[in-house]
Amino acid sequence: MEDTFYTIQQITPELVFIRWHGTPHKDHVANHNWVEDIHRLLEQASVPQYFFSDVRKGYATSIQAINRLAKVIQHNNYGGGVALGHNLASRTYVSLTERIADRDESIYYHRLRDALDALDELKPGISKTVDWNRLL
């Protein structure tokens, strides 16, 4: 699934990679399409899905979309996720999602190794078969 602002790629049967290419205006349809794409993936999945989001170049900015995402990640097929970023704005939006979803743990990381370690804590070994240097 691809949009001007993001790409969603199923890289293994259980692992989904989301790359943000830019930051849409809060009213841009990309904010809402992204959540619907994630919801559709979870609905179609036969196993729990784990997400790696690269928010270094962009992120969702709509509070409505963040609220919707907080509900979508309550889905039975949502296994968990991590976000890789490097700025205060992306951290703020990821933290807002965590708070709305009533999750205690932080999923935002500045370093790739930390994000991958956290992903492997959610599902042991899930990151090991991916060439992250090529993907990122």
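Colleague: Which residue caps the N-terminal end of helix 2?
Modeller: This is a predicted model: local features need pLDDT of at least 70, side-chain atom pairs count only at pLDDT 80 or more, and totals for chains, interfaces and linings use all residues. Residues are numbered from 1 along each chain as its sequence is written, and side-chain values use heavy atoms, with hydrogens and water left out. A polar contact is a pair of N or O atoms within 3.5 Å; within protein, one must be able to donate a hydrogen and the other to accept it, and residues adjacent in sequence count only if both atoms are side-chain atoms. At the N-terminal end of helix 2, the backbone nitrogen of glutamine 64 lies 3.3 Å from a side-chain oxygen of the capping residue, serine 62.

Colleague: What arc do the buried residues of helix 2 cover around the axis?
Modeller: Helices (H or I, at least four residues) and strands (E, at least two) are DSSP runs, numbered from the N terminus. Ala65, Ile66, Leu69, Ala70 and Val72 are the buried residues of helix 2, where buried means under 20% relative accessible area, exposed over 50% and partly exposed in between (1.4 Å probe, protein chains only). They lie on the same side of helix 2 because the arc, taken over the directions from the helix axis to the C-beta atoms, is only 160°.

Colleague: Which residues are exposed on the other side of helix 2, and what covers its buried residues?
Modeller: Gln64 and Lys71 are the exposed residues on the other side. Contact means heavy atoms within 4.5 Å. What covers the buried residues of helix 2 includes helix 1 and helix 3 (88–100).

Colleague: How far does helix 1 reach from its first C-alpha to its last?
Modeller: The expected span of a helix is 1.5 Å times one less than its number of residues. Helix 1 has 16 residues, and the expected 22 Å is close to its reach of 22 Å.

Colleague: Where do the buried residues of helix 1 pack?
Modeller: In helix 1 the buried residues are Ala30, Asn31, Trp34, Val35, Asp37, Ile38, Leu41 and Leu42. They are on the same side of helix 1, because they cover an arc of only 155° around the axis. The elements they pack against are strand 1, strand 2, strand 3, helix 2 and strand 4.

Colleague: Which element supplies the largest share of the largest nonpolar core?
Modeller: A nonpolar core is a set of buried Ala, Val, Leu, Ile, Met, Phe, Trp, Tyr and Cys residues joined through side-chain atoms within 4.5 Å. The largest one has 26 residues, of which Ile8, Ile18, Trp20, Trp34, Ile38 and Phe51 touch the most other members. Strand 1 (6–10), strand 2 (15–20), helix 1 (29–44), helix 2 (63–72) and strand 4 (78–84) each supply at least two residues. The largest share, six residues, comes from helix 1.

Colleague: How many residues are in the second, separate core?
Modeller: This core includes Leu84, Ala115, Ala118 and Val130. Its residue count is 14.

Colleague: What are the buried residues of helix 4, and what covers them?
Modeller: In helix 4 (residues 112–122), Ala115, Leu116, Ala118, Leu119 and Asp120 are buried. Their cover includes strand 2, strand 3 (49–54), strand 4, strand 5 (108–109) and helix 5 (132–135).

Colleague: What is the relative accessible area of phenylalanine 52?
Modeller: Phenylalanine 52 lies in strand 3. Leaving aside neighbours within four places in sequence, its contacts include Ile18, Leu84, Ala115, Leu119 and Trp132. Phenylalanine 52 is buried, and its relative accessible area is 0%.

Colleague: Is serine 53 buried or exposed?
Modeller: Serine 53 is placed in strand 3. Apart from neighbours within four places in sequence, serine 53 is in contact with Ile18, Val82, Ala83 and Leu84. With a relative accessible area of 16%, serine 53 is buried.

Colleague: Which residues does serine 90 touch, not counting those up to four places away in sequence?
Modeller: Serine 90 lies in helix 3, and at 0% relative accessibility serine 90 counts as buried. The residues touched are Val55, Tyr59, Gly85 and Tyr108.

Colleague: At what angle are the planes of tyrosine 6 and tryptophan 20?
Modeller: Rings of Phe, Tyr and Trp (its six-membered ring) pair if their centres lie within 6.5 Å; planes under 30 degrees apart count as stacked, over 60 as edge-to-face and the rest as tilted. By this rule there are seven aromatic pairs. The ring centres of tyrosine 6 and tryptophan 20 are 5.4 Å apart, and the pair is tilted because the planes are at 50°.

Colleague: Which residues form one aromatic cluster?
Modeller: Tyrosine 6 and tryptophan 20 are both buried. The cluster consists of Tyr6, Trp20 and Trp34.
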